[in-house]
Amino acid sequence: MTGKSQLDFDVIIVGSGPAGVSAAFPLIEAGLRVMMVDGGNTPRQAPPSGQFLDLRQHDASQSNWMIGRDFHALRQSDAVSPKLRVPTHAAVFNGFKLANRIDADDFIAVGSLAPGGLSNAWGCGVACMTDDELASYPVLPSDMHESYRDVVKRMGVSGGSDDDLSEFFGLDEWSDAPVPIDSLQASLLARYPVRREKLLQSGFRLGRTRVAVLTEPRGERRACDRSGNCLWGCGRRALYSATEDLQALRSRPGFHYKSGFVVERVTHKEGRVTVEGRGEEGAGALQARRVLLAAGTLASTRLALQAVDHRAPVPMQSCPTAAFMLWLPRYLGRTQEAAFGLGQLSFSLGLGRDVQAFGSLFNSMGIPVTEFARHMPFGKRYGVDLLASLLPSCVIGNVFLPGAMTDASLCLGAEDRLVVRGTYREEVAPLMKEAQRLLCASFRQLGAILIPTSFKVGLPGADIHYAASLPMHANPVVGQTDRYGELAGVSGIHVVDGASLSALPAKSHTLTIMANADRIAKHLAIRLMAVESSV
Amino acid sequence: MRIAITGATGYIGRRLVRAARLAGHEILALSRRPMAEPGVTWQAFDLADNLPLSLPEDIAVVFHLAVKTQHDFGESSVEQDAAQRLIEAAAVVGAGVVFVSSQAACADAPTAYGRIKWQIEGKTLAAGGWVVRPGQVYGGAELGLFGLLCTLVRRLPVLPAFIPTPYVQPVHVDDLVDVLLACPAQAPSTVLCIAATEGVGFTAFLQAIARGRTARRPVSIPVPTLLIRILVKLLGARLSSRLGLDRLLSLFALKLMDTAADLQRVSVALRPLGAGMTRSGRGRRELLVEGRVFLTYVLRVRPAGALVRRYARAIEALKSGRALPLPELMQRLPALLALLDGAGGIDDAFRRELAWRLEAAMMVAEASPQGAGRFLGLDRPGGWWRGALRIFWAVSGETIRRIGQVILRPFLSRVGRRGAF
């Protein structure tokens, strides 16, 4: 076994997103030397600071952050999600597929080269998986529980309340109070106890969304003041991003960081792993005892399949998604007010015998009206007329189905490029119909009308929840990983991001990725330290 | 690749050098005077010197643009000889030849100019080269024949309106240059006629110069072409040539070229004359008008100047930078755009471009204090009944718009069919 003196690092972590930083802490705390690399894309446009509605009324240069000096939003006019048009997030998404040699075939494939990864632009939804949901994972639920706790305490989560989703989210013991709710969603929540029995029977449960947003200040990060800039980036840093943890890690002894280094190949030989990549100074290679792949499901899967030269397609999971709009007629004529822009209410929905859907509701205030107008069968002028009057009394919703409902695959092809393909399974269409019917009926009970034409099913991959392409198995075969994310067929390479989840339920999965990375790193820390002391 | 250009310091040559450099080519300028530009090397070349010519080995294509500007009668073989030397030198290093000919090129052209071009065309094609016959080249710096016409329009108290009207087929110099650079991708021994598909009256062309380049709006007076012909006869060939009258004869003899198929072959869309004639060659003024119309349509009030400029910049940065051919009436009454917005039965490319631009206008409009009032509904009082009334009006407006689109379909389907954008 290679001793400490011969290698510069014990562990190389590829990627500085939620998975990468979560894996780094236990290793650093054990005294190991960690090198973290990422794509190094940094933002060129700062997020707005101030109250969204004030800025919109008075900031003459608002087009800098709404459209971008380089017209980023117009360049991305075909992109599937409003987030992809936000100039402050341009660096989060730019160049990912090109640098990581990923080709998508009729599938929305998104990833990040930015420090902090996709968490720079995420919806901040957090949830723990229940023991049932962890049944297909070859891990002890108690280990996961411990990791969930440690990660939640580090990142800061709010939304804890005693409601019908407490068990579903499973993290209230570590959560702060929720962000104050807006008047529209408050009215939905107020009616819920009255209709609760009936709704529960139909499979609909409602509660506050558990989100990684601060309602209590933490160090330099300030608490949410409902300024409504969530889509555009939070100048107060109330929304969790892995860059917060990355910053903390950089002051820790034993932590090394190389930004702007895109990894092209990972190989294992004689007890050491070599990570080859390309940085600002040209091609380079790093060596360590272990490498943890945390580059995001797509990029990590490419590196892993390349490392074991696995050329057959591997399946991937991705949650079919739909969006809809609720109208609360009582609130017609209301004027827009400052509000939190991410999930305030969430629901779980039992569809059929064993399909559980999940979704959240959002205030419309911070989202450009153009984003709604583009989906409306109206001319531009009358579309704006209508939306300006209608939107203040509307609530936006989304709904996710379990990831197994998408038949997606990843295949390493010519020139080691990764081809992503995926379609929805046949049952998605009827399940979405059923979801629409159930949501329509449930929200009518709560005083809201689901605008029928607003219910739109997204394209495969539009959820950007990709997972389980290299799933953890108790007895893994090539193309899978063991209970510690170690890739079968080669030693020393661990997959610690979404790729190694064993299954992807409909609920938000980021926290599970982080907890799993934390769990694997805790185990590795013990193993590597034990080897060291035996040497 | 590395390309050689004769006449690189001329009217078309300079634009070709610029475009070729932007496309990443290395350039060897073959000209009498050295050319001091970064990325351009120079080799002396004179049509008249009759010295042996050898080209560097790495030259892939030779663009032959050089012409003799002074017509010395009786010595007309100079241009053919020079072309011959060039074609042979190109063959030695295995380079292709692109020859810029003329619309006047013809075996029995009325002018020596046209006959010489015809002969050089033959040599070029025999060597497997490409021949481009441009129509009336215009735009950019005021050089060459275009420069001469600009000077005339500035100086002449009145413009001649020849009877019968000679027609020219304009082509913007930058569009021509795009075609030249696309030649090597075409089959060898190809002739490409490049100009507007339809002719423009010569006087209308001069008026377009006046509109685009001067503050003058000169009056035209009719001049029978017969008068010029008689004058040429009286003055004799040499003197008329010196006065440039033979060029007029050449103009009167121009036959319309069929250019549609060739334009399609090289997939170049020519910019409209009005847009190309402006100094930018891009029609910023028209684009600003378009921006104002689209933004007014979306905002319902006159947009701030900054928004109009931002819209124009966006179209210049991301699209062709040219205004769409909108009916005059819609330019005056932006509300009428509602009829065109998403209308069926109109040209597909135009419909898509219009949809993209209207959405861009919408995003530009929204991202402003003015847009915040309109889009977020902050600029008017709230209240349930007011809200209900506004929704009623919006739906009514949309319904009327749809009915209007059905009724006016035959008229709307004509919009946007012509013109590049």
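The exercises below, each with a worked solution, concern a predicted model and go from the interface of its chains to single residues.

**Exercise 1.** Describe the contact between chain A and chain B by its residues, its buried area and its composition.

*Solution.* Begin with the residues: chain A gives 40 residues to the contact, and chain B gives 44 residues. Next take the area, which comes to about 3900 Å² buried between chain A and chain B, with carbon and sulfur atoms giving 66% of that value. Then turn to the polar side of the interface, where 17 residue pairs are in polar contact, both residues of a pair being at pLDDT 80 or more. On chain A, the elements that each supply at least two residues to the side touching chain B are helix 2 (52-58), helix 3 (62-66), helix 4 (72-75), helix 12 (369-373) and helix 13 (380-390). Of these, helix 13 of chain A provides the largest share, 9 residues. Sorted by class, that side of chain A holds 20 nonpolar, 11 polar and 9 charged residues.

**Exercise 2.** State how many salt bridges join chain A and chain B, and test the pair Arg374(A) and Glu359(B) against the distance criterion.

*Solution.* The count between chain A and chain B is 3 salt bridges. For the pair in question, the closest N and O atoms of Arg374(A) and Glu359(B) are 2.6 Å apart. The criterion asks for a side-chain nitrogen of Lys or Arg within 4 Å of a carboxyl oxygen of Asp or Glu, and therefore the pair Arg374(A) and Glu359(B), at 2.6 Å, counts as a salt bridge.

**Exercise 3.** Over all chains, find the number of salt bridges, and then place the partners Glu133(A) and Lys507(A) along their chain.

*Solution.* The count over all chains comes to 49 salt bridges. Glu133(A) and Lys507(A) form a salt bridge in which the closest N and O atoms are 2.8 Å apart. Glu133(A) lies in the loop between strand 3 (102-105) and helix 7 (141-155) of chain A, whereas Lys507(A) lies in the loop between strand 19 (493-495) and helix 15 (510-534) of chain A, so that the pair links distant parts of the chain, 374 residues apart.

**Exercise 4.** Identify the residues and the elements that make up the nonpolar surface patch on chain B.

*Solution.* The patch, of about 670 Å², is made by Leu226(B), Ile230(B), Leu231(B), Leu234(B), Leu235(B), Leu239(B) and Leu243(B). Two elements of chain B give two or more residues to the patch, namely helix 7 (225-235) and helix 8 (237-243). Helix 7 of chain B contributes the largest share, 5 residues, while Leu243(B) belongs to helix 8 of chain B.

**Exercise 5.** Locate Ala295(A) and list its contacts, leaving out residues up to four places away in sequence.

*Solution.* Ala295(A) sits in the loop between strand 8 (282-293) and helix 11 (297-307) of chain A. With that exclusion, Ala295(A) touches Val14(A), Gly15(A), Phe96(A), Ser300(A) and Asp497(A). As a further step, compare sequence with space: Ala295(A) and Ala499(A) are 204 residues apart in sequence and 9.6 Å apart from C-alpha to C-alpha.

Conventions: Residues numbered from 1 in each chain as written. Chains lettered and ligands numbered in written order. Predicted model: local features only at pLDDT ≥ 70, side-chain atom pairs only at ≥ 80, totals over all residues. Heavy atoms only, no water. Contact = heavy atoms within 4.5 Å. Buried area = accessible area lost by both parts, 1.4 Å probe. Polar contact = N/O pair within 3.5 Å; in protein donor to acceptor, adjacent residues only side chain to side chain. Nonpolar A, V, L, I, M, F, W, Y, C, P; charged D, E, K, R; others polar. Patch = residues over 30% accessible without salt bridge, like charges linked within 9 Å, V, L, I, M, F, W, Y side chains within 5 Å. Areas by Shrake-Rupley, 256 points an atom, 1.4 Å probe, with all protein chains shown as cover.
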